[in-house]
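Student: I would like to learn how to read a fold from its strands and helices. Where do we start?

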Amino acid sequence: MGILVAIEGLDGAGKNTIVQRIAAEAAARGVSLTTMAFPAYGRSIHADLAAEALHGEHGDVARSAYAMALLFALDRRDVRDALVRALAEHDVVLCDRYVASNAAYSAARLGQRHDGEVVTWVRDLEFGRFALPRPNHQLLLGVPPEVAMGRAEGRAAADASRAKDAYERDADLQTRVYRSYSDLAANSWISDWTVADGDEAVAKVLSLIAFRHGLG
């Protein structure tokens, strides 16, 4: 059975870059690794509905933290069986965002901490009712909100298809989300966490993989 590692962080923190770097390094060491990304925009109806809501469609859906969290949770539930199969077939499954993103954004929107009502609801819904596999480790990319938001701004300016959504445009929300992530990490929500960035982040995950599997 493989291990599940989730890479978390703000929009613009560089999650996809880190995931691809880890995947390449792991492959070079003979590690069987596959990746998954959430939300699965373009592949999941629930992810696409969430994206549309954050761009002003579907009435007042985006105003409800619970409605948005439910859509993102259903996005992961859609691929629960595929995720379980991937863990059976590979040494490592690396996720670009996972359940903690739902907890962090929901807590930030409602002004709650890691032990608040909405975080408990997310945990019970996704790991309980939907029976999603729990991560073995979670990595928070320690990129400050102002840096991540600057990257997201540049990305949107360079690619019209990646226009910022309501969450990305809200600087105050992004700051609160970063605090929520830090709160989850400090309290070892669901699993152990590492907070790192860049080369250190890659090295931390590769070290974990080697320790858990005894692989090069």
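Tutor: Start with the status of the coordinates. This is a predicted model. Then take the sheet.

Student: In what order do the strands of the open sheet lie, and how do they pair?

Tutor: Strands count as paired when DSSP finds at least two bridges between them. Here 5 strands form an open sheet in the order β2-β3-β1-β4-β5, with parallel pairing. β2 and β5 (192–196) are the edge strands, since each pairs on one side only. On average, neighbouring strands are turned by 20 degrees against each other, direction ignored.

Student: How many bridges join β1 to β4? And how many does β1 have with β3?

Tutor: β1 and β4 (residues 137–141) run parallel and share 4 bridges. There, I7 has L139 of β4 as its bridge partner. With β3 (residues 92–96), β1 pairs over 5 bridges, also in the parallel sense. On that side, L4 is the bridge partner of V93.

Student: What about β2 and β3; how many bridges join them?

Tutor: β2 and β3 run parallel, joined by 5 bridges. One pair to find is M36 with its bridge partner C95 in β3.

Student: Next, side chains. Which residues of β1 point one way, and which the other?

Tutor: I3, V5 and I7 point one way. L4, A6 and E8 point the other way. Now check burial: the cut-off is under 20% relative accessible area. On both sides of β1, these residues are all buried, E8 included. That makes 6 of 6 for the strand, residues 3–8.

Student: Which helices pack on the sheet, and at what angles?

Tutor: Look for contacts first, then compare directions. α1 (residues 15–28) lies across β1, β2, β3 and β4. Its direction is at about 165 degrees to β3. α9 (residues 171–186) packs on the sheet too, touching β1, β4 and β5. The direction of α9 makes about 135 degrees with that of β5.

Student: Now a single helix. Which residues of α4 are buried, and why are they on the same side?

Tutor: Pick out the buried positions, then ask how far they spread around the axis. In α4 (residues 80–89), L83, A86 and L87 are buried. They cover an arc of only 100 degrees around the axis, so they sit on the same side of α4.

Student: What covers those buried residues, and what does the face turned away carry?

Tutor: The cover includes β1, β2 (33–37) and β3. The face turned away from the buried side of α4 carries A88 and E89, both exposed.

Terms used: Residues numbered from 1 in each chain as written. Predicted model: local features only at pLDDT ≥ 70, side-chain atom pairs only at ≥ 80, totals over all residues. Heavy atoms only, no water. Buried < 20%, exposed > 50% of the residue type's maximum accessible area, 1.4 Å probe, protein only. Helix = DSSP H or I, 4+ residues; strand = E, 2+ residues; numbered from the N terminus. Arc of directions from axis to C-beta. Contact = heavy atoms within 4.5 Å. Axes fitted to C-alpha atoms, helices over the stretch in contact; angles between N-to-C directions.
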